[in-house]
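Hello,

Here is the structure I promised to pass on to you. Please have a look at it, and then read on for what turned up.

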Amino acid sequence: MKKTFTMLIKTVFLTALLTLSGCGEEEQAKAEEAELDAVSASLNGTLVHYTGSQLSLETEEGKTLTFDNCSRAELDLKNGIVPGNEVLLVYVGALNDTDTSKVRIRKIIVEDDNTGLISTDDESTVSGSAASGAVYSDAGYDEPESGVSVEKTHGTGYITGGVNVRSDAKSGSEILGHLGSGDTVTVTGICENGWYRIVFEERTAYIWKDYISYKQ
């Protein structure tokens, strides 16, 4: 009986320690976020290119800036993100003219509603804003060469693990590149055989379903 009571006391004590530890970690995370908020800066521009891990935009001064550290950025979007969108970036680090190597993007904000903006027809492009001279293309809407049926969609998918990006919706097709955990991609279709059609480096590509989190 005494042994059981002692074990119970130890269990309660350990539980309390774990709870306090969890609270401490949560508070520490909040404190770190608050510190980052205090030193963060923001930048407006017109989106030129976005792959999930890399983003390019044109500033009001006409400079094109490319940021490579975007994979962990928080996305605040109304309906996806496409070239020509006006983008607000929240970042930390030193931005020196066009040198972005020391910058980490924390948040990507797009107020534009992209509903119905991208054409999925065979005839392709829709003109962008006159100010940016941007053009919205149908990149990402090509049909698979393998002939697999695709259900069209449009949204943002989150990569859950390292995955090869392929040229067709089948194993063994050409590898176009690689995406890592935390990257985001534009999903344009769900293939009947389990592959996802995406936009990758301004072209149509495919990744296997086990490596992406996406809800229609």
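**Leu89 and its surroundings**

Leaving out residues up to four places away in sequence, Leu89 touches Ala41, Ser42, Leu43, Leu55, Leu57, Phe67, Ile105, Lys107 and Ile108. Please keep in mind that this is a predicted model. Leu89 lies in strand S5, and it counts as buried because its relative accessibility is 1%, where buried means under 20%. The C-alpha atom of Leu89 is separated by 9.0 Å from that of Val110, which is 21 residues apart from it along the chain.

**The chain as a whole**

With that residue as a starting point, here is the wider view. The protein chain has one helix and 15 strands. It has 216 residues, of which 39% count as buried. About 12700 Å² of the protein chain is exposed, and carbon and sulfur atoms supply 49% of that area. Taking the contacts in the protein chain with a separation of 6 or more, 57% are between residues 24 or more positions apart.

**Strand S6 and its partners**

Strand S6 covers residues 104-110 and is mostly covered, with five of its seven residues buried. Which strands are joined to S6? One is strand S4 (residues 74-77), which runs parallel to S6 and is joined to it by four bridges. Here Leu77 has Val110 in S6 as its bridge partner. Another is strand S5 (residues 86-92), which runs antiparallel to S6, with six bridges between them. In this pairing, Tyr91 has Ile105 as its bridge partner in S6.

Just past this strand you will find Glu111, in the loop between S6 and strand S7 (126-127). Is Glu111 buried or exposed? At 55% relative accessibility, it counts as exposed, since the cut-off for exposed is over 50%. Apart from neighbours within four places in sequence, Glu111 is in contact with Lys78 and Glu86. Its C-alpha atom is 7.7 Å from that of Val87, although the two residues are 24 apart in sequence.

**Two nonpolar cores**

In soluble globular proteins, nonpolar side chains tend to be buried together. In this model, the largest nonpolar core has 18 residues, and those that touch the most other members are Tyr50, Leu55, Phe67, Leu89, Ile105 and Ile108. Strand S1 (41-50), strand S2 (55-58), strand S3 (64-67), S5 and S6 each supply at least two residues of this core. Apart from this core lies another, of 15 residues, including Val163, Val185, Ile198 and Tyr214.

Ile108 is worth a click while you are there. Setting aside neighbours within four places in sequence, Ile108 is in contact with Tyr50, Leu55, Ala73, Glu74, Leu75, Asp76, Leu77, Ile81, Val87, Leu88 and Leu89.

Ile198, one of the members of the 15-residue core, is also among the residues that Thr186 touches. Thr186 is found in strand S12 (residues 184-191) and counts as buried, at 14% relative accessibility. Not counting residues up to four places away in sequence, Thr186 also touches Ile81, His154, Gly155, Arg197 and Val199.

**Aromatic pairs**

How many aromatic pairs does a search of the whole structure find? The search finds two. In one, the ring centres of Trp195 and Trp208 are 5.4 Å apart and the planes are at 65°, so the pair is edge-to-face. This pair links distant parts of the chain, 13 residues apart: Trp195 is in strand S13 (residues 195-200) and Trp208 in strand S14 (residues 203-208). Trp195 is buried, with a relative accessible area of 7%, whereas Trp208 counts as partly exposed, at 26% relative accessibility.

The pair of Tyr196 and Tyr214 is also edge-to-face, with 6.2 Å from centre to centre and 80° between the planes. Tyr196 is in strand S13 and Tyr214 in the segment after strand S15 (212-213), so this pair too links distant parts of the chain, 18 residues apart. Both Tyr196 and Tyr214 are buried.

**Cysteines**

How many disulfides are there? The count comes to zero, a disulfide being a pair of cysteine sulfur atoms within 2.5 Å. Cys70 counts as buried, at 2% relative accessibility, and Cys191 is buried too, with a relative accessible area of 4%.

Enjoy exploring it!

Conventions:
Residues numbered from 1 in each chain as written. Predicted model: local features only at pLDDT ≥ 70, side-chain atom pairs only at ≥ 80, totals over all residues. Heavy atoms only, no water. Buried < 20%, exposed > 50% of the residue type's maximum accessible area, 1.4 Å probe, protein only. Contact = heavy atoms within 4.5 Å. Areas by Shrake-Rupley, 256 points an atom, 1.4 Å probe, with all protein chains shown as cover. Pairing = 2+ DSSP bridges. Core = buried A, V, L, I, M, F, W, Y, C linked by side-chain atoms within 4.5 Å. Phe/Tyr/Trp six-rings, centres within 6.5 Å; stacked < 30°, edge-to-face > 60°.
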